[in-house]
Amino acid sequence: MKKTLINYEKIIGPVAISKLRQVARDLKGASVVHVNSTREGGGVAEILFWMIPLMKELGLDALWEVIEGNAEYFNTTKTFHNGLQGNDVILTDRMIRAYEDTVAGNAERLRPILQDADFVVIHDPQPAFLHELCPDKRGQWIWRCHIDASRPNRAVWNYLRSKVNNFNASIFSMPDFAHKLDHPQFIIAPSIDPLSDKNIELSDKEIKDTLQNFNIDPNRPILCQISRFDRFKDPIGVIKAFNLLNGAFNAQLVLAGGGATDDPEGAAVLEEVNQAANGNKNIHILMLPPDSHRVINALQRASTIVIQKSLQEGFGLTVTEAMWKCKPVIGGNTGGIRLQVHNHHTGFLVDTPEGAALRIRKLLYQPDVISKIGQTAKEFVQENYLCNRHLREYLTLMLGLRKGLANHLIAG
Amino acid sequence: MSEYNDMGFKVKDCSLITRMAGVKEAMNLRELEERLRVCPDECLFHHFCETVIRPTFDYPDYTNDFALWAGSQLRDKILAERLSVLNPYKCKSVDELRQQVLDILEERLSETDHILWAPKNRAFQFLQAVTVVFETDIKLNRPYDFYEQLPNMSHGSIYYHFIEARRRTKWMVDDFTAWLSEFELEVKPLIKTLSEIDFYFLTLAELKNTLVAVTTEFFKEAKHEKNIN
């Protein structure tokens with residue numbers, strides 16, 4: 001469905017749209033350039049996919065640019081990503097050179113647009129070096145960190161800090177993820193787009209057909225985790241939890257992972273997951289192409305319970321998506337999942353496979369609780385984690401940077 | 001003629017945008033005390049007064065973030081209770097509030113023989129917020145409009161006009177009271193009732209329900225007696 005304010009108004013209401021218009025009034029005509037490292041796959045691309053057209057409709061001159069790189073560049077940025085999340089990684093001079101050379105190559109193409117923009121939003125570490133490469137910038141530069149960087153590898157953080165410290169502001173998804181930097185650091189949780197293929201209402205037929213395509217039984221309980229095949233998402237822990245059910249309720253487990261072009265580790269983790277599943281016919285492991293949004297939507301809607309047993313998580317948009325579809329979520333007690341999953345209200349937070357198995361059993365035994373929690377979960381997302389709130393906060397931040405960060409900011 | 005009666009009372013809505021307060025996180029009670037001495041006024045205000053407008057489900061066992069952290073992370077219920085009973089709106093200034101908090105923390109530090117620590121990844125993060133103010137379509141011209149429109153006001157409007165106003169206005173009164181005060185004497189009982197609401201210990205939903213209840217009651221009685229509009 002087209003990303004227009006009128007289409008969103010049907011879901012979020014006229015008051016929410018009015019707030020967007022008010023806060024955008026003083027930003028009319030401002031040029032905003034978002035830069036990330038992939039157009040497909042991953043939460044950042046999904047956010048920009050709706051944010052750009054809405055910013056344009058509100059009168060801003062919004063652009064989305066993507067860093068182009070080779071395998072060595074993406075291996076390095078994956079090291080940054082893992083290092084920021086606290087993994088023990090080795091960052092070599094060669095990797096840094098590959099990173100800087102690639103960004104410098106992109107800078108030749110992007111420099112005129114970036115230096116002329118009123119606001120530049122750099123998403124995650126991949127394009128961060130651009131700041132140094134645009135000496136004649138006239139606008140405000142904002143670094144948006146989508147990663148849980150609460151306990152980063154020091155070498156990685158020290159390098160990245162030198163690249164982002166001179167921005168005008170930064171945005172983190174949670175206070176725990178923020179780091180001391182020499183500029184204001186804002187806390188803005190991400191959100192989902194209710195009109196995206198991943199979240200829009202689907203017909204029963206489409207959901208049924210999807211299950212049939214993957215040989216999943218629509219008449220048995222479906223437990224589902226949707227996420228990249230990444231060790232931080234703990235797919236092995238999910239299989240352990242499923243095995244602890246010992247066949248109870250005749251449930252099925254679906255582990256479906258979308259790949260992203262900037263994630264070279266996915267294949268190795270997928271292999272580990274296949275080994276852990278050990279040929280169990282009740283475990284469906286699906287490697288989905290990056291454009292499988294409607295398939296993911298159908299799998300989430302068909303699920304009885306959605307699991308997101310991450311060991312570390314930025315925000316966990318798959319949790320938000322599941323809640324929007326009235327599903328209780330059993331989530332890892334980490335990162336942004338803690339903001340969304342509230343015990344007995346929207347799902348359960350767990351720390352172990354055993355904890356996940358316990359909560360799954362409890363919920364499967366009480367179908368009325370599943371529907372009650374699911375309804376509350378949807379309302380919670382409607383109120384707090386849809387794209388209108390997210391966009392409003394971006395615009396407010398830009399307005400604040402332009403007008404000065406006082407205690408009060410009058411929109412419009 | 002006042003600003004309100006010239007133009008009517010234009011009801012506003014608001015939301016917060018949160019930022020780090022520039023103070024290092026606190027992992028234990030001693031660090032909390034040290035950071036509280038130097039944190040900005042806005043930070044203290046945020047953790048005491050803006051907690052009601054944040055998205056959460058947990059019923060507030062404790063009324064401010066410091067008490068909540070002391071109770072849930074330091075697992076010090078004595079400290080949590082002492083901090084929780086502090087009502088920031090009874091303080092004449094942020095300095096007075098800060099001093100009261102520091103007194104409680106120092107007292108607690110002197111009572112304990114070891115420093116209490118929060119678990120890993122559960123440090124206290126010092127925040128502050130910018131209040132973003134929006135226009136709404138609601139306008140009040142006479143006291144009866146207040147009764148009619150209260151159910152249509154968002155929690156953001158209730159927070160902005162009934163709670164946040166006390167920080168903003170010279171006399172530390174809420175906007176509704178300031179506006180109603182400019183009308184005839186007949187609304188004085190309503191003003192008195194509003195002033196008696198112990199709002200600091202209510203959620204915004206509870207506060208809205210309370211405002212609707214007392215206003216409904218007042219206009220029901222007033223209609224019987226003098227037909228106030």
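Me: Two strands count as paired if DSSP finds at least two bridges between them, where helices (H or I, at least four residues) and strands (E, at least two) are DSSP runs numbered from the N terminus. Which residue in S10(A) is the bridge partner of Leu223(A)?

Reply: This is a predicted model, in which local features need pLDDT of at least 70 and side-chain atom pairs count only at pLDDT 80 or more, while totals for chains, interfaces and linings use all residues. Residues are numbered from 1 along each chain as its sequence is written, and chains are lettered from A and ligands numbered from 1 in the order in which they are written. Strand S7 (222-226) of chain A runs parallel to strand S10 (residues 305-308) of chain A, and two bridges join them. Within S10(A), the bridge partner of Leu223(A) is Ile305(A).

Me: How many residues of S7(A) are buried?

Reply: A residue is called buried if 20 or more other C-beta atoms, placed from the backbone, lie within 10 Å of its own, exposed if 12 or fewer do, and partly exposed in between. On one side of S7(A), Ile222(A), Cys224(A) and Ile226(A) are buried, and on the other side Leu223(A) and Gln225(A) are buried as well, so that both faces are covered. The strand is therefore largely enclosed by the rest of the structure, the number of its buried residues being five of the five.

Me: How far apart are the C-alpha atoms of Pro221(A) and Leu364(A)?

Reply: Pro221(A) lies in the loop between helix H7 (204-213) and S7 of chain A, and with 20 other C-beta atoms within 10 Å it is buried. Leaving aside residues up to four places away in sequence, Pro221(A) touches Phe249(A), Ala251(A), Thr304(A) and Leu364(A), where contact requires C-beta atoms, placed from the backbone, within 7 Å. Although Pro221(A) and Leu364(A) are 143 residues apart along the chain, the separation of their C-alpha atoms is 8.0 Å.

Me: Which residue in S4(A) stands opposite Ile122(A)?

Reply: Strand S3 (119-123) of chain A has Phe119(A), Val121(A) and His123(A) pointing one way and Val120(A) and Ile122(A) the other way, all of them buried. S3(A) runs parallel to S1(A), with four bridges joining the two, and there His34(A) has Val121(A) as its bridge partner. S3(A) also pairs in the parallel sense, over five bridges, with strand S4 (residues 140-145) of chain A. In S4(A), the residue opposite Ile122(A) is Trp143(A).

Me: What distance separates the end C-alpha atoms of helix H3 of chain A?

Reply: The expected span of a helix is 1.5 Å times one less than its number of residues, and for the 15 residues of H3(A) (residues 43-57) this comes to 21 Å. The buried residues of H3(A), including Trp50(A) and Leu54(A), pack against helix H1 (5-12), strand S1 (31-36), strand S2 (61-66), S3, helix H11 (317-324) and H15 of chain A. Just after H3(A), Gly59(A) takes a positive phi of about 105°. The expected span agrees with the separation of the end C-alpha atoms, which is 22 Å.

Me: Which element supplies the largest share of the side of chain A that touches chain B?

Reply: In this interface, 27 residues of chain A are in contact with 18 residues of chain B. Helix H2 (14-25), strand S6 (185-187), helix H14 (367-384), helix H15 (387-403) and strand S13 (408-410) of chain A each supply at least two residues of that side of chain A. The largest share, four residues, comes from H15(A).

Me: Which residue in S2(B) is the bridge partner of Leu409(A)?

Reply: S13(A) pairs with strand S2 (residues 127-140) of chain B in the parallel sense, over three bridges. Leu409(A) has as its bridge partner in S2(B) the residue Val132(B).

Me: What is the radius of gyration of chain A?

Reply: Chain A has 15 helices and 13 strands. The globule rule, 2.2 Å times the number of residues to the power 0.38, with the radius of gyration taken over C-alpha atoms, gives 22 Å for the 412 residues of chain A. Buried residues make up 51% of those 412 residues, and the C-alpha trace spans about 65 × 50 × 35 Å along its principal axes. Chain A is as compact as a globular protein of that length, because its radius of gyration is close to the rule, at 21 Å.

Key:
Two residues are in contact if their C-beta atoms, placed from the backbone, lie within 7 Å.
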